[in-house]
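Hi,

Here is the structure I promised to pass on to you. Have a look at it first, and then read on for my notes on what turned up in it.

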Amino acid sequence: MNKYLVIGNPIAHSLSPLLHNYWFKKYRFLDSIYEKKKVEKKDLKKIVEQIKNDEVKGVNVTVPFKREIFNFIDTAPYEVQFTKSVNTLVKENDKVVGYNTDQQGFEISLEENDWDCKDKKILIIGAGGVAPSILSTLIKVDGAEKIYLSNRTRSKAEELKKFWDKALGIYQMKKDTIEIIDWEKKSELCDLIINTTSVGLTKDEKLNFDFSDYNNKKDVLFYDLIYNPKETNFLKDARMRGNRTMNGKMMFLWQAHLAFKMWTGVSPIIDEEVIKLLD
Ligand code: ATR
């Protein structure tokens, strides 16, 4: 049996097993199974060893271990060495390699929505494990004009800014592109507002930003990376204000597509059936 895992804490909300097991069945990998596993920090080393020993074939890493796992892998592509954020593990030539498919997943999800970030103003809420991937797309691929960053723990946003400030020149971006704003304080009006925090995973949770300036702004996109629940309070409020909304479902599907391809060599089709599967 080829065993695959998604590890995190909490992990109950993850739809990765449903999706990957659907694809394993569809593409006749009948000896493969994908499970979710709630782990603690102390378990990470062992999980990597299990990949080395072929007890586990592949692993997805989610909240809050995307950065921590970097300390245990053997190697990673340049991009990941830069961001130290890993969401997919695979064994290659006896080495456990840490990849990140979030960045490309996010990029494709914007493209599919005909969203071009070039010269746009963007507010990123949160500076946790997935935020480096989002910043990476906005800076390296899309050339955003201004990126506001707000995190409850300000020091984490500062760390992220410090890190990306060094890279701005390489991508022909202005020195002051990234600006930190205090938690839940107003920034200038933006074109895209992205929630990268875990606030909203539980139904009653709510961010307390004042978005009243966005009333009836039909072209502004509010994007929540959370896909379960389908509509967080962040998105519901945006819909009521008349803004565009998008949840994390397509990003989730694409990051999974890229991981599945890495593990099996098969590019699974993302069609209506698979999109509905997650509802
Ligand atoms: P980590 O940063 O440890 O990898 P994460 O789960 O990937 O953790 O990131 C969680 C993100 O959600 C962080 O931006 C976190 O803010 P802090 O850095 O201040 O912890 C944010 N977050 C989680 N719960 C929150 C809450 N109740 N209010 C505001 N932000 C919250």
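Two cavities of 30 Å³ or more turn up in this predicted model. The largest cavity holds about 90 Å³ of space, and its lining is made up of Leu 123, Ile 181, Lys 185, Lys 186, Ser 187, Leu 189, Phe 209, Asp 210, Phe 211, Asp 213 and Tyr 214. In terms of character, that lining divides into six nonpolar residues, one polar and four charged.

The second largest cavity has about 30 Å³ of space. Around this one you will find Val 199, Gly 200, Glu 205, Lys 206, Leu 207, Thr 232, Asn 233 and Phe 234. Here the lining residues split into three nonpolar, three polar and two charged.

Next, the ligand, which I expect you will want to look at as well. It is surrounded by 14 residues, and the closest are Gly 129, Asn 151, Arg 152, Thr 153 and Lys 156. Which side chains and backbone atoms come into polar contact with its oxygen atoms? The side chain of Thr 153 places an N or O atom 2.4 Å from a ligand oxygen. For the side chain of Lys 156, the corresponding distance to an oxygen atom of the ligand is 2.8 Å. Ser 198 takes part through its backbone, with an N or O atom 3.3 Å from a ligand oxygen.

Now to the salt bridges: how many are there in the whole structure? The search finds 19. I picked out three pairs for you.

The pair Asp 271 and Lys 26 has its closest N and O atoms 3.6 Å apart. Asp 271 sits in the loop between helix H8 (249-264) and helix H9 (272-277), while Lys 26 belongs to helix H1 (residues 16-26), so this salt bridge ties together parts that are 245 residues apart in sequence. Both ends have some access to the surface: Asp 271 is partly exposed at 24% relative accessibility, and Lys 26 is partly exposed at 34%.

In the pair Lys 41 and Glu 68, the closest N and O atoms are 3.9 Å apart. Lys 41 is in the loop between strand S2 (32-38) and helix H2 (44-52), and Glu 68 is in the loop between strand S3 (58-61) and helix H3 (78-83), so the contact ties together parts 27 residues apart in sequence. Are the two partners buried or exposed? Lys 41 counts as exposed because its relative accessible area is 51%, where exposed means over 50%. Glu 68, at 24% relative accessibility, is partly exposed.

The third pair is Asp 182 with Arg 154, and its closest N and O atoms are 2.4 Å apart. This salt bridge links distant parts of the chain, with Asp 182 in the loop between strand S8 (178-180) and strand S9 (192-195) and Arg 154 in helix H6 (residues 154-168), 28 residues apart. Asp 182 is partly exposed at 42% relative accessibility, as is Arg 154 at 35%.

Finally, there is a network: Asp 54, Lys 91 and Asp 94 are joined into one by salt bridges that share partners.

Happy browsing, and do write back if anything in here is unclear.

Best wishes

Technical notes: Residues are numbered from 1 along each chain as its sequence is written. This is a predicted model: local features need pLDDT of at least 70, side-chain atom pairs count only at pLDDT 80 or more; totals for chains, interfaces and linings use all residues. Side-chain values use heavy atoms; hydrogens and water are left out. A salt bridge is a side-chain nitrogen of Lys or Arg within 4 Å of a carboxyl oxygen of Asp or Glu. Helices (H or I, at least four residues) and strands (E, at least two) are DSSP runs, numbered from the N terminus. Buried means under 20% relative accessible area, exposed over 50%, partly exposed in between (1.4 Å probe, protein chains only). On a 1 Å grid over the protein atoms alone, a cavity is a set of points where a 1.4 Å probe fits but cannot get out, and a pocket is an open set with protein on both sides within 12 Å along at least five of seven lines; lining residues have an atom within 4 Å of a point. Grid points are joined across faces, edges and corners, and a volume is the space filled by probe spheres set on the points. Ala, Val, Leu, Ile, Met, Phe, Trp, Tyr, Cys and Pro count as nonpolar, Asp, Glu, Lys and Arg as charged, and the others, Gly among them, as polar. A residue is near a molecule or strand if one of its heavy atoms lies within 4 Å of it. A polar contact is a pair of N or O atoms within 3.5 Å; within protein, one must be able to donate a hydrogen and the other to accept it, and residues adjacent in sequence count only if both atoms are side-chain atoms.
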